[in-house]
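User: I would like to learn how to read buried residues, ring pairs and enclosed spaces in a model. Could you take me through them one at a time?

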Amino acid sequence: MDQIGITAEGPKVSYSFEYMVLQSPWGATTTKAVSPCSLADVMSEQLAKQLDEESNAFPDSPDVNAALDAGEEPETDCDLMLAQMLQMQFDKEFDTQLRTEEKKLNGDSKLSISFENYRMVHPYEDSDSSEDEVDWQDTRHDPYKADKPTTTPRKGFTGKGKNITTKHDEVVCGRKNTARMDNFAPEINVGDGLGMDLKLSNQVYNSLKQHCHSEQRRSARLHDKKEHSTAEQAVDPRTRLLMYKMVNAGVLENINGCISTGKESVVFHADGGSMEEKAVPDECVLKVFKTTLNEFKNRDKYIKDDYRFKERFSKLNPRKIIRLWAEKEMHNLARMKKADIPCPEVVILKKHILVMSFIGKDHVPAPKLKEAMLGSEDMNRAYYQVLHMMQQLYHECNLVHADLSEYNMLWHQGKVWLIDVSQSIEPNHPHGLEFLFRDCRNVSTFFQKGGVSEAMNVYELFNVVSGLQLSGDSEADFLAQTPTYGFHMTVNTDIHLLVTDTFYFKKVGEDQKTSQYLV
Ligand code: ADP
Ligand code: MG
């Protein structure tokens, strides 16, 4: 099969495929036309047999290199040898080209730059002795390089009487410094100093060495920058620093791969560490709210009119507003936890990074309801659970999810877990009931399509969740009857919730004012 489309006529080799004709590296093209063939042909036994016969037609070649050097046209029955021949020829040509370039660059200059490191063919390979079984590591010696100066013995000098040379001898030192340049990073071309018997003073050698190090550091930095800008687009250096700090502080043991990259957030998996105040789950997620502000612009309405954040919203710069999203998710999750709604448990909040428990096992996140492929029994169970959770969310947590759908519900341990509550608002939010209606529509559609015969339609579901008695058979009619702005205030409950929430403890006075204003 290897030989398909390849004809060998001495060194004149060409690869012939349907859309591609390669020429031999030394320029000669094939004189034989080879017809292309399909994969089916290639796989056919008949063709295999034919090829086998053809390949047997090649007599053995005893010495490819010798034949090559003698200008003869060796024949080969071996693809590997053919490839090696090609490669060798190609490499030799490359080296010849390199030498020409080197010569041109150096001209008559006393100081020359060597391209030796870029040569493809090692002098030993180049010679006819390639047949010899030599341990190349031991014999590898570059004949183009001058010998390194001999080291001064431990006693610190060589010679006797008047001919004593100490290790401080200027000439010896200079030569040694020149030789030491070989240890510079491979990308630093040091030229052939030894060949020219160059003697570098300590001062010159030290500054060259310093320059070499700073160049290396600089290129590492550049490389770093490039890598980060492509690999972790979502995580800017500030965020990364915050993440490292969490690992340094031991809150997290390790930050692993990214679970999801959304428009507004990036979610990472992490191994939990420990904290003094509370236990950290073994597996955590870091939800990093994106600091690219554009995407948040159209989400303003979720937070701007949320009276809990209204005051602060107007005073903050956009970067800080993003932190509010993380904070909002934290508080909403805390409320849900209190109502025993299955949801991630908050571990810690650092600026725009929210660390919470991982819903899933052994690094595998629980599937979204959308992907969980539930059987009819589980689907029914999930429906009633979601219905109950929506009621709890509304009445006990005083929240409307506002992005509830099969994408923000995970199926784990035989039940539904709610996630992604950064945009959740209170029902008294000017758009609260509108958002609730949308949630109801998503839930109703998903379960009805999923075959849950008892799944209510959106209107029924809305009434059952909210406890309101609205009627209508179009969204506009229905929503027209919803209580207007501030009607559904549950100020007292809310303040109670805020008081129990340590973060808001100090802010009650302020929030109360806002609430009264809203009523
Ligand atoms: P977004 O606002 O980007 O939709 P989400 O909170 O929905 O953010 O998280 C995005 C995805 O990350 C989710 O669909 C889910 O697959 C995964 N995810 C988020 N939080 C958790 C968690 N606590 N445990 C497991 N997976 C999670
Ligand atoms: Mg989501």
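User: Is Cys440 buried or exposed in this model, and what is the reasoning behind the label?

Analyst: The model is predicted, and within it Cys440 counts as buried because its relative accessibility is 0%, where the label needs a value under 20%. Cys397 is also at 0% relative accessibility, and therefore counts as buried.

User: How many disulfides are there, and which cysteine sulfur is nearest to that of Cys397?

Analyst: The count of disulfides is 0. For Cys397, the nearest cysteine sulfur belongs to Cys343 and is 8.3 Å away, whereas a disulfide would need the two sulfur atoms within 2.5 Å.

User: Let us turn to the aromatic rings. How should I read a pair, and how many aromatic pairs are there?

Analyst: In general, a pair of aromatic rings is described by the distance of the centres and the angle of the planes. Here the count comes to 8 aromatic pairs. In one of them, Phe437 and Tyr459 have their centres 5.8 Å apart with 50° between the planes, an arrangement that is tilted. Because Phe437 belongs to helix α14 and Tyr459 to helix α15 (residues 458-466), this pair ties together parts that are 22 residues apart in sequence. Both Phe437 and Tyr459 are buried.

User: Which class does the pair of Phe437 and Phe462 fall into, and why?

Analyst: That pair is tilted as well, because the ring centres of Phe437 and Phe462 are 6.0 Å apart and the planes stand at 50°. Since Phe437 lies in helix α14 and Phe462 in helix α15, the contact ties together parts 25 residues apart in sequence; Phe437 and Phe462 are both buried. Elsewhere, ring pairs join Tyr383, Tyr384, Phe446 and Phe447 into a cluster.

User: What charged residue lies over the face of Tyr205?

Analyst: Arg180 lies over that face, at 5.5 Å from the ring centre of Tyr205.

User: Finally, how is enclosed space found, and what lines the second largest cavity?

Analyst: Rolling a probe the size of a water molecule over the atoms shows where empty space is left. The count here comes to 3 cavities of 30 Å³ or more, and the second largest cavity holds about 50 Å³ of space. Its lining includes Met390, Leu393, Tyr394, His401, Leu436, Asp439 and Val465. Helices α13 (376-395) and α14 (432-449) are the elements that give two or more residues to this lining, with α13 giving the most, 3 residues. By class, the lining of the second largest cavity has 8 nonpolar residues, 1 polar and 1 charged.

Terms used:
Residues numbered from 1 in each chain as written. Chains lettered and ligands numbered in written order. Predicted model: local features only at pLDDT ≥ 70, side-chain atom pairs only at ≥ 80, totals over all residues. Heavy atoms only, no water. 1 Å grid on protein atoms, 1.4 Å probe; cavity = no way out; pocket = protein on both sides within 12 Å on 5 of 7 lines; lining within 4 Å. Points joined across faces, edges and corners; volume = space filled by probe spheres on them. Helix = DSSP H or I, 4+ residues; strand = E, 2+ residues; numbered from the N terminus. Nonpolar A, V, L, I, M, F, W, Y, C, P; charged D, E, K, R; others polar. Buried < 20%, exposed > 50% of the residue type's maximum accessible area, 1.4 Å probe, protein only. Phe/Tyr/Trp six-rings, centres within 6.5 Å; stacked < 30°, edge-to-face > 60°. Lys NZ or Arg CZ within 6 Å of the ring centre and 35° of its normal.
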